[in-house]
Amino acid sequence: MPFSTTPRLGFVGAGRLARCLAAIWSRAGYPVTAIASRSAASAREFAGELPGCQIADDGSAVARHADIVFLTVPDDAIGATANALQLDQARASSQAVVHCSGATPVDVLAPAQAQGAEIGGFHPLFLFGGLASDQTRIAGCSVTIEARGPLHDTLTALVRALGCHPLSIPPGGRLLYHAAAHYAASFALCSLSETVTLWKELGFDEDDALRAVLPMLAGTIETAREKGLPGALAGPVSRGDASIVVKQLALLQNLGGDHATLYALLSRRAVALAKRRASPPPAQALDAMSHAIELVLNGTAPRDD
Ligand SMILES: NC(=O)c1ccc[n+]([C@@H]2O[C@H](COP(=O)([O-])OP(=O)(O)OC[C@H]3O[C@@H](n4cnc5c(N)ncnc54)[C@H](OP(=O)(O)O)[C@@H]3O)[C@@H](O)[C@H]2O)c1
């Protein structure tokens, strides 16, 4: 059944994400009608910012006042919250229950579906810090939707009301989607952490290292935006400087731990990107790098003892 163009929105979980989304949607003309949260104080704070928003005892009470119920609790609480939802049988077929987790399967909401509601996933690719500035910084980001039919259309309109771009994933695709997204978020931080760790060998402290690398990372992101990933690739792989890659692998191998393995895995991806450049480095240089990389990865690279 199609939803109204401005469905009534309810939330369970008055946290960082919910407060940001609810505030923007309310300003855009979507009635945010009810909130339930673990603590009364969070619910009060949430409701106090939104005209016409009632504080409800639990998810079932939220559902009595809303067409779309967003379960914005921590991921581990989504299943239990969905299980506890009691929908009004006369209205459930015109309602939807949606969660905002990137990794949790949408079918964790099956108890709501069994009562007749549509179910879906709505995952903003944005880090909500609980700051007022979240509400402006989110514009231009993407939100990944997993839903069918009219709910998909309604969630797409809600994405646009945030000033974001809608992305769709097929049912069951969340785990792969979310695993891959780590590389653009927390794993980018893990790469920076490796820089800091290795520079500590040279006596740099973490503050010095971050002051140096964060602007470099920002420049890399800007260049990728303008020139795409292969075009933005810099460093020895992009130039075909095989001897540098070979020496750096050997150095890291001698440092011990898994430093050489990480460098080799990422260099393998860099070689693949370099091959896609408008002017790729000479094949011979890329082959020499690949040979040294594979020796490290298959455990046969020599180590100085
Ligand atoms: N933060 C992000 O950057 C981000 C980005 C994309 C997606 N998400 C997803 O958005 C969802 C919410 O994340 P968040 O970062 O907004 O979390 P959060 O800031 O920790 O907020 C969670 C809220 O849920 C409430 N809560 C906890 N357990 C509850 C329960 N059993 N029943 C009712 N309320 C409960 C908390 O309670 P009280 O405050 O009432 O104690 C809190 O207000 C998660 O699924 C997360 O994966 C988050």
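Visitor: In what sense do strand 1 and strand 4 pair?
Guide: This is a predicted model. Strand 1 covers residues 9–12. Four bridges link strand 1 with strand 4. The sense of that pairing is parallel.

Visitor: Which residue of strand 4 does F11 stand opposite?
Guide: Strand 1 and strand 4 pair over four bridges. Across that pairing, the residue opposite F11 is F70.

Visitor: Are the residues I68, F70, V69 and L71 of strand 4 buried or exposed?
Guide: In a regular strand, side chains alternate between the two faces of the sheet. In strand 4, I68 and F70 lie on one side, V69 and L71 on the other. Both faces are covered. The residues on both sides are all buried.

Visitor: Which residue in strand 5 is the bridge partner of L71?
Guide: Strand 4 spans residues 68–71 and runs parallel to strand 5, with four bridges between them. I68 has A96 as its bridge partner. For L71, the partner in strand 5 is H99.

Visitor: What is the handedness of the β-α-β unit with strand 4, helix 4 and strand 5?
Guide: Strand 4 and strand 5 run parallel. Helix 4, residues 75–84, belongs to the unit with these two strands. The unit is right-handed.

Visitor: Which residues of strand 5 are on the side opposite A96 and V98?
Guide: Strand 5 covers residues 96–99, and both its faces are covered. A96 and V98 take one side. All four residues are buried. The other side holds V97 and H99.

Visitor: Which residue of strand 6 is the bridge partner of A96?
Guide: Strand 6 covers residues 118–124. Strand 5 and strand 6 run parallel, joined by four bridges. The partner of A96 in strand 6 is E118.

Visitor: Which residue in strand 7 does G121 stand opposite?
Guide: Strand 7 covers residues 142–146. Strand 6 and strand 7 run antiparallel, over four bridges. Opposite G121 stands E146.

Visitor: Which strands stand at the edges of the sheet?
Guide: Eight strands make an open sheet with mixed pairing. Their order is 3-2-1-4-5-6-7-8. Each edge strand has a single partner, so one side is left without a neighbour in the sheet. The edge strands are strand 3 (54–55) and strand 8 (165–168).

Visitor: Why is S101 classed as buried?
Guide: S101 sits in the loop between strand 5 and helix 5 (110–114). Leaving aside neighbours within four places in sequence, S101 contacts D75, I78 and H123. The cut-off for burial is 20 or more other C-beta atoms within 10 Å. S101 is buried because the number of other C-beta atoms within 10 Å is 21.

Visitor: How many Å apart in space are S101 and P124?
Guide: In sequence, S101 and P124 are 23 residues apart. In space, C-alpha to C-alpha, they are apart by 8.6 Å.

Visitor: Which element gives the largest share of the largest nonpolar core?
Guide: This core has 55 residues. I35, V62, V69, F70 and V97 have the most contacts inside it. The largest share is seven residues. They come from helix 1.

Visitor: How many charged residues are in the shell around the ligand?
Guide: The ligand is surrounded by 25 residues, the closest being G13, G15, L17, S37 and S42. Helix 1 (16–27), helix 4 and strand 6 each give two or more residues to this shell. By class, 12 are nonpolar and 10 polar. The charged residues number three.

Terms used: Residues are numbered from 1 along each chain as its sequence is written. This is a predicted model: local features need pLDDT of at least 70, side-chain atom pairs count only at pLDDT 80 or more; totals for chains, interfaces and linings use all residues. A residue is buried if 20 or more other C-beta atoms lie within 10 Å of its own, exposed if 12 or fewer, and partly exposed in between; C-beta atoms are placed from the backbone. Two strands pair if DSSP finds at least two bridges between them. A crossover is right-handed if, with the strands pointing away from the viewer, the path from the first strand over the helix to the second runs clockwise. A residue is near a molecule or strand if its C-beta atom, placed from the backbone, lies within 6 Å of it. Ala, Val, Leu, Ile, Met, Phe, Trp, Tyr, Cys and Pro count as nonpolar, Asp, Glu, Lys and Arg as charged, and the others, Gly among them, as polar. A nonpolar core is a set of buried Ala, Val, Leu, Ile, Met, Phe, Trp, Tyr and Cys residues joined through C-beta atoms within 7 Å. Two residues are in contact if their C-beta atoms, placed from the backbone, lie within 7 Å.
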